Amino acid sequence: MANAIRSMTGFGRGRCEVGGRRMTVEIRSVNHRFFELKLRLPWAEPALEQHLGQALRRRLDRGSITVTVRDEGGSEALPMVSADLALGRAYVRALEELRQACGMTEPVTLALVAAQPGVLLVGGAALDPDALWTQLEPGVTLALDALVASRQREGQALAADLRARGAELRRLASEIASYARETPEDLRRRLEERLTRLASSVSVDPQRLAQEVALLADRADIAEEVARLGSHLDEFERQLVQGGAIGRRLEFLAQELHREVNTIGSKSQRLEISQRMIAAKVEVERIREQVQNVE
């Protein structure tokens, strides 16, 4: 489903083990104009965040993405405590030098060394960021796979809805075009009826009447707008078939559909066209709402 339409809404979960601790990776995404990443990790490692961001960008084009990594504990669900031995030895040397310089007789105790900042680590020993990513990556991959599958399922529903709305809009455009072809004759008839009511005893110059009809028909001519509407719908359908990350393109086409529909509505005075324009505007507005969630 490499070229399937994907929604920007989805959820995925994966599990892995890092430093002997069970970790749960959850990735949530919602719609956004660009790629926005929010990380909630147990570690403050810029290099790890960079690895994670690169992995996500390889699979996701845009959306507001939130990655949460939770420590679920070890085999007994107790915190892992480790010691930074090098730092502890450095504290011992420094404290011993301080004791001698002050002429104190009390020995440097283990409790005193252990109380110094950074000597005891809760949550596991500090791992190299690359090693940390190596252990975390399987969980991220599982969560990403589930997220992408979720976005694809939602995308299938979006695509079906958009195709249906595009087809309805095309049907309305076809009916509008049919009524538009009858507009000049309809204008002539209405103008003759109006002139007859105003001055039943006055003869009407056929040439002048034809000129007025031509002028009104030109002002109400929507042939170009209907043609462009059809062209935009053709491209809209091609994009749906093409699939992939087409959200921005669909947003642009939805704006163009909205523009043509509004222009047609402002130029046409026929009741039949106006009725269909109301329905067309509803369909276009729903299309504009739906494409906001396409990746």
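The following paragraphs lead through a predicted model of one protein chain, from its overall make-up to a group of packed helices and then to three single residues. Because the model is predicted, local features need pLDDT of at least 70 and side-chain atom pairs count only at pLDDT 80 or more, while totals for chains, interfaces and linings use all residues. Residues are numbered from 1 along each chain as its sequence is written, and side-chain values use heavy atoms, with hydrogens and water left out.

The chain contains nine helices and six strands, where helices (H or I, at least four residues) and strands (E, at least two) are DSSP runs numbered from the N terminus. Of the 295 residues in the chain, 38% are buried, a word that here means under 20% relative accessible area, with exposed meaning over 50% and partly exposed lying in between (1.4 Å probe, protein chains only). If one takes the contacts (heavy atoms within 4.5 Å) between residues at least 6 apart in sequence, 80% of them join residues at least 24 apart.

A good place to begin is helix H7, which covers residues 223-242. At 1.5 Å a residue its 20 residues should span 28 Å (the expected span being 1.5 Å times one less than the number of residues), and the end C-alpha atoms of H7 are 29 Å apart, which agrees. The buried residues of H7 are Glu225, Val226, Leu229, Gly230, His232, Leu233, Glu235, Phe236, Gln239 and Leu240, and what covers them includes helix H4 (129-181), H8 and H9. Just after H7, glycine 243 takes a positive phi of about 70 degrees.

How do these helices lie against one another? H4 and H7 pack at an angle of about 160 degrees with their axes 10 Å apart, where axes are lines fitted to C-alpha atoms, for helices over the stretch in contact, and angles run from 0 to 180 degrees between N-to-C directions. That makes H4 roughly antiparallel to H7, since angles over 145 degrees count as roughly antiparallel, under 35 as roughly parallel, 65 to 115 as roughly perpendicular and the rest as oblique. The crossing of H4 and H7 is left-handed, which means that the near helix is turned anticlockwise from the far one by less than a right angle, whereas a clockwise turn would be right-handed. Among the residues that meet here are Leu162, Leu169 and Ile176 in H4 and Leu229, Leu233 and Phe236 in H7. By class, the contact of H4 with H7 has ten nonpolar, two polar and four charged residues, where Ala, Val, Leu, Ile, Met, Phe, Trp, Tyr, Cys and Pro count as nonpolar, Asp, Glu, Lys and Arg as charged, and the others, Gly among them, as polar.

H7 also packs on H8, and the axes of these two helices come within 9 Å and cross at roughly 160 degrees, so that H7 and H8 are roughly antiparallel to each other. Their crossing is left-handed, and the contact includes Leu229, His232 and Phe236 of H7 together with Leu253, Leu257 and Ile264 of H8. By class, this contact of H7 with H8 has ten nonpolar, three polar and seven charged residues.

Helix H8 (residues 247-267) in turn meets helix H9 (residues 271-291), with axes that come within 9 Å and cross at roughly 165 degrees, and H8 and H9 are therefore roughly antiparallel to each other. H8 passes H9 in a left-handed crossing, and the residues in contact include Leu250, Ala254 and Val261 of H8 and Ala280, Val284 and Ile287 of H9.

Single residues can now be placed beside these elements. Isoleucine 222 lies in the loop between helix H6 (206-219) and H7, and it counts as buried because its relative accessibility is 2%. Leaving aside neighbours within four places in sequence, isoleucine 222 is in contact with Ile176, Ala180, Ile264, Lys267 and Ile273.

Methionine 8, found in the segment before strand E1 (10-18), counts as buried at 0% relative accessibility. The C-alpha atoms of methionine 8 and glycine 247 are separated by 9.3 Å, although the two are 239 residues apart along the chain.

Serine 64 is found in strand E4 (residues 63-73) and counts as buried at 8% relative accessibility. Leaving aside neighbours within four places in sequence, its contacts include Ser29, Asn31 and Glu36.
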